[in-house]
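Me: Could you show me this structure and walk me through it step by step? I am new to it, so plain answers would be lovely.

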Amino acid sequence: MQRLTLGWLVACGIAAAQPYQALLIDGQNNHDWQATTPILRAILEESKLFRVTVATTPPKGQDMTEFRPDFARYRVVVSNYNGEPWPAATNADFARYVQQGGGFVSVHAADNAFPEWPDYNEMIGVGGWGNRNEKDGPYVRWRGGRIVHDAVPGRGGSHGRQHAFAVTAREPGHPILAGLPAVWMHVQDELYDRLRGPARNLTVLATAHSDPGTGGTGEHEPVLMTVRYGQGRVFHTTLGHSPEAMSCTGFRTTLQRGAEWAASGLVTQPVPDDFPDAQTVRRREQ
Ligand code: ZN
């Protein structure tokens, strides 16, 4: 009876909270954020679970002092941002927001951002570029049937030539992956490799083999991850270089499910009928 009551209260709480308020941050990126932000917004809102507000920083080189979103108003913050540092007060607000239970989703080059911000690197687990190397933490790879943290010296962040590649679930029971195929094809994208960072409280949900034939590492590199940061939940996808990559039903579905999990700790969405399988990529209209 006690469990039923608790479940009923939780269910009511969730129902009352939806749609979740989501904040999507952009404004600077070495990628085409003007093209991808509307796509990310559409993907999130397609789920009917989110109402998205976009916060755009000043352009590169402009005064960032006034950029200070009220993170606490949102259940999840989604970053499409890879640019200049935010003000110290904004960094502190954001770290506190996630620490106290806020959700965070890092998309593709958002894990290139803020190499000098320790809390951010804790949140994303691993990142690339920005002079990241062994000082920032280990590489994280799937080797011999388990996740291995490798502290060997070397650069943090690179990728081979774009191509379609298979994504393999490594935590198939996690709510974000539950019910999805064990392996599915992702459309042509950049496959990030050599990411490194503190990797604390990091769970690798899925990896992809970085093929030396396309300029990769020969390792099974993490592509979908979660991080626990204080009371907060982080979903980190390295996928999504371009609008083309974001058309992948696998990208869209895992983003929707990862964002719901970051916001609530649950995934209530069914697996779509057009989810890709191990042989064939599947796209959805933008
Ligand atoms: Zn890219």
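**A friendly tour**

Me: Which residues does Leu-224 touch, not counting residues up to four places away in sequence?
Reply: Happy to help; please keep in mind that this is a predicted model. Leu-224 is among the residues with the most contacts inside the largest nonpolar core, which has 39 residues. Leaving aside residues up to four places away in sequence, Leu-224 touches Leu-177, Trp-184, Thr-203, Val-204, Leu-205, Ala-206, Phe-235, His-236, Thr-237, Leu-239 and Thr-254.

Me: Which helix gives the largest share of this core?
Reply: The core's most contacted members are Phe-50, Val-105, Leu-224 and Phe-251. The largest share, 6 residues, comes from residues 249-264, and that helix is α6.

Me: How many residues of α6 are buried?
Reply: The helix has 16 residues and reaches 22 Å from its first C-alpha to its last, close to the expected 22 Å. Gly-265, with a positive phi near 85°, follows α6. The helix is largely enclosed by the rest of the structure, because the buried residues number 16 of the 16.

Me: How many residues are in the second, separate core?
Reply: This core is separate from the one discussed above. It includes Phe-67, Ala-109, Val-126 and Tyr-192, and its size is 34 residues.

Me: What elements do the buried residues of α3 pack against?
Reply: Helix α3 covers residues 88-99, and its end C-alpha atoms are 16 Å apart, which agrees with the span its 12 residues should have. Its buried residues are Thr-90, Asn-91, Asp-93, Phe-94, Ala-95, Tyr-97 and Val-98. They pack against β3, β4, α4, β12 and β13.

Me: Is Asp-93 buried or exposed?
Reply: Asp-93 and Arg-96 meet through their side chains in a salt bridge, 3.4 Å from N to O. Both lie in helix α3, 3 residues apart, about one turn of the helix. Arg-96, at 43% relative accessibility, counts as partly exposed. Asp-93 has 15% relative accessibility, under the 20% cut-off, so Asp-93 counts as buried.

Me: Which residues coordinate the zinc ion?
Reply: In sequence, the donor residues follow the spacing H-x76-H-x81-E-x50-H. Their donor atoms sit at 2.0 to 2.1 Å from the zinc ion, and the residues are His-31, His-108, Glu-190 and His-241.

Me: What is the geometry of the zinc site, tetrahedral or irregular?
Reply: The angles among the 4 donor atoms run from 93 to 157°. Four donors count as tetrahedral if all angles lie between 85 and 135 degrees. The upper angle of 157° does not meet that rule, so the site is irregular.

Me: How far apart in sequence are Arg-284 and Glu-46?
Reply: Arg-284 forms a salt bridge with Glu-46, with the closest N and O atoms 3.1 Å apart. Arg-284 lies in the segment after α6 and Glu-46 in helix α2, so the pair ties together parts whose separation in sequence is 238 residues.

Me: Where does Arg-200 lie?
Reply: Arg-200 forms a salt bridge with Glu-122, the closest N and O atoms being 2.4 Å apart. Glu-122 is in helix α4, and the two residues are 78 residues apart. Arg-200 is in the loop between β10 and β11.

Notes: Residues numbered from 1 in each chain as written. Predicted model: local features only at pLDDT ≥ 70, side-chain atom pairs only at ≥ 80, totals over all residues. Heavy atoms only, no water. Core = buried A, V, L, I, M, F, W, Y, C linked by side-chain atoms within 4.5 Å. Buried < 20%, exposed > 50% of the residue type's maximum accessible area, 1.4 Å probe, protein only. Helix = DSSP H or I, 4+ residues; strand = E, 2+ residues; numbered from the N terminus. Contact = heavy atoms within 4.5 Å. Expected span 1.5 Å × (residues − 1). Donors = N, O, S within 2.8 Å, 3.2 Å for Na, K, Ca; no water. Tetrahedral: all angles 85-135°; square planar, octahedral: opposite > 155°, others 65-115°. Salt bridge = Lys/Arg side-chain N within 4 Å of Asp/Glu carboxyl O.
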